[in-house]
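User: Could you walk me through this structure step by step? I'm new to this, so please explain the terms as they come up.

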There are 2 protein chains.
Amino acid sequence: MGRWQPDSQGRLEQAALALYSERGFENTTVAEIAAHAGLTERTFFRHFADKREVLFWGAPMLEGLMVSAVEAAPASAAPIDAVAAALEATGPLLEERRDSARQRQRIIDANADLRERELVKLASLAGALAGALRRRGVGEPAATLTAEAGIAVFRVAFARWVSDPKSRDLPQLIRDSLGELQAVTARR
Amino acid sequence: MGRWQPDSQGRLEQAALALYSERGFENTTVAEIAAHAGLTERTFFRHFADKREVLFWGAPMLEGLMVSAVEAAPASAAPIDAVAAALEATGPLLEERRDSARQRQRIIDANADLRERELVKLASLAGALAGALRRRGVGEPAATLTAEAGIAVFRVAFARWVSDPKSRDLPQLIRDSLGELQAVTARR
DNA sequence: AGGCTGATGGCAGTCACTGACATGGCGGGC
DNA sequence: GCCCGCCATGTCAGTGACTGCCATCAGCCT
C-alpha cells in the first residue's frame, strides 16, 4: 500500500464540486476542500493554479478537440464551416457528461468570479480556433472574427442545451444557432 | 478649506495608473497606491471594488453610450445596423482619449488578471446591447447573437485602432471589421 | 449651540496564494 | 539485499487583497 491514497487530484476535484454545490463557491475555503480530500491546502495549490481552476479542468481537452476538428475539415471548407464542424465535434463528449455539465454550470452561474473565469476559457477557445484557421491560410481579421462568431454561437447553443432538460442534441442546437447568426448578420 | 483634499477618487486613479505603468500591476500594492494619493488602503476600497476596477471606471459610460445609440436608431434599422451605429457612436469619446486609451491598454495587456476583467466588461457590454435590442422587439437568440457578434467586431477594430499609431479613425475601422464579419459568415 | 452627516482613518481579522525546507515510501542500480 | 535519489506530500511562515466595525471631525442644518 502506497504512502498516499491514489488520485489526489480527483479527490480534490470531487470534494470541491460537492462543497461548491452545497454551500456555494464563496463559502468554501480551500482548506476545507483539502481536508475533505484528506490532504492539505498546500497540496491543493500544487494540483490547481487557483480555487476556480478546479472547475475548468476539461477546457484544454475541449480546445484540443476543436482544433483537431478544424484541422480535419476538408481544405475546400469555408472557414465558418470548419468552425461549425469544430463546435459540433464537442457533441459526443458533452452529451456523455450532460449531468455533470449541468451541475458544473449551476455552480459557475451562481458566482461572478467563476463566470469571469469561464469567459477566459471561452476566449482561449476562440484564440485556439483563430490560430487553427490561420494555419489553414485564413488571414486576419477574418480568422479572429470567424472564431469569435463561432464561440458566440457555441455559447448560445450550450446555454440552451444545459438549461432545457429536453432540448435537442447539442450539434443540432449549434447548427440552429449558426443559422440564426447568419440570418442576423446577412447583408441586405 | 475642507478637511480633506478634493477628488480622492481621481487622485487614486492617477496614482494607480502611474504605478501600474511604472512597475506593473502585480508589483504594485493597494497600500502604495493609497499612499501616493495621500490616503489609506481602506479608502481605496471605498472608491473601487477591487484593485483592478480602477482601470475600468469608464465602462458604464461606454455602455450607456452604446445603449442610447441603439435606442436612437430608426425603428426600420436592422438589428445589426443598430448595433453598428452603437459601436460607431463610441468614436468621438474614444478618439478624444486616444493616448490614455493606449496607456490603459498597455497596462491591461501586460497582465492576465486585467485581461480577465476586460472580458467581463466586454461581456457586460454585449449583455446591455442584447437587452436594448430586445426592447426593440428583437427575439432570442437573435438579440444575443447580434450583440455578441457586434462586440467581436468592436474588439477587432479597437485592437487595431490602439496598436496602429496611424490607423484610420475608429468608426471606419468598425465599418471595415463589420464588413469582414459579414463576408466571413455569409451563406454560400 | 447642538446635533447630524459623510468622508476618512485605524485596526483586527480572514483567506487566497507562495516560497523554502522537511519527510519518507518506492523503485532502480549495484 | 542494501543504498540512493525521486517525488508527492506535509509543515510553516509570510504577503497582500479585501472586509467589518468603530472612531473622528469639518461642515452644514436647524
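Analyst: Let me start with a term: contact means that heavy atoms lie within 4.5 Å of each other. Please also keep in mind that this is a predicted model, in which local features need pLDDT of at least 70 and side-chain atom pairs count only at pLDDT 80 or more, while totals for chains, interfaces and linings use all residues. Residues are numbered from 1 along each chain as its sequence is written, chains are lettered from A and ligands numbered from 1 in the order in which they are written, and side-chain values use heavy atoms, with hydrogens and water left out.

User: OK, so what does Phe154(B) touch?

Analyst: Not counting residues up to four places away in sequence, Phe154(B) touches Met66(B), Leu87(B), Thr90(B), Leu94(B), Leu122(B) and Ile174(B).

User: And which residues touch the most other members of the largest nonpolar core?

Analyst: A nonpolar core is a set of buried Ala, Val, Leu, Ile, Met, Phe, Trp, Tyr and Cys residues joined through side-chain atoms within 4.5 Å. Here buried means under 20% relative accessible area, exposed means over 50%, and partly exposed is in between, using a 1.4 Å probe and protein chains only. The largest core has 90 residues, and those touching the most other members are Leu87(A), Leu129(A), Trp161(A), Leu129(B), Phe154(B) and Trp161(B). As background, nonpolar side chains tend to be buried together in soluble globular proteins.

User: Switching topic, how many residues of chain B are in contact with chain A?

Analyst: On the chain B side there are 33 residues in contact with 33 residues of chain A. The buried area, which is the accessible area (1.4 Å probe) that two parts lose on being put together, summed over both, is about 2900 Å² between these chains, and carbon and sulfur atoms give 62% of that. In chain B, the residues that lose the most area to chain A are Glu116(B), Leu145(B) and Val184(B), together 21% of what that side buries.

User: How many salt bridges are there across that interface?

Analyst: The rule, which asks for a side-chain nitrogen of Lys or Arg within 4 Å of a carboxyl oxygen of Asp or Glu, finds six salt bridges across the interface of chain B and chain A. An example is Arg155(B) with Glu148(A), whose closest N and O atoms are 3.6 Å apart.

User: Which helix of chain B gives the most to that side?

Analyst: Helices (H or I, at least four residues) are DSSP runs numbered from the N terminus. Helix 5 (79–89), helix 8 (112–135), helix 9 (142–163) and helix 10 (170–185) of chain B each supply at least two residues of the side that touches chain A, and helix 9 gives the most, with eleven residues.

User: Where is Thr146(B), and is it buried or exposed?

Analyst: Thr146(B) lies in helix 9 of chain B, and it counts as buried because its relative accessibility is 0%. Leaving aside neighbours within four places in sequence, Thr146(B) is in contact with Val184(A), Pro79(B), Ile80(B), Val83(B) and Leu133(B).

User: Back to salt bridges, how many are there over all chains?

Analyst: The count by this rule comes to 23 over all chains. One of them joins Lys121(B) and Glu53(B), at 2.6 Å from N to O. Lys121(B) lies in helix 8 of chain B and Glu53(B) in the loop between helix 3 (41–47) and helix 4 (59–72) of chain B, so the pair ties together parts that are 68 residues apart in sequence.

User: How exposed are those two, Lys121(B) and Glu53(B)?

Analyst: Lys121(B) is partly exposed, with a relative accessible area of 22%, whereas Glu53(B) is buried, at 17%. Salt bridges that share partners also join Asp50(A), Arg52(A), Glu53(A), Arg117(A), Lys121(A) and Glu116(B) into one network.

User: Last topic: which peptide bond in chain B is cis?

Analyst: The peptide bond from Glu140(B) to Pro141(B) is cis, with omega near 5°, and Pro141(B) is in the loop between helix 8 and helix 9 of chain B. In chain A, the bond from Glu140(A) to Pro141(A) is cis as well, with omega near 5°.

User: And what about the phi of Asp7(B)?

Analyst: Asp7(B) has a positive phi of about 60° although it is not a glycine. Asp7(B) sits in the segment before helix 1 (8–23) of chain B, and it counts as exposed because its relative accessibility is 55%.
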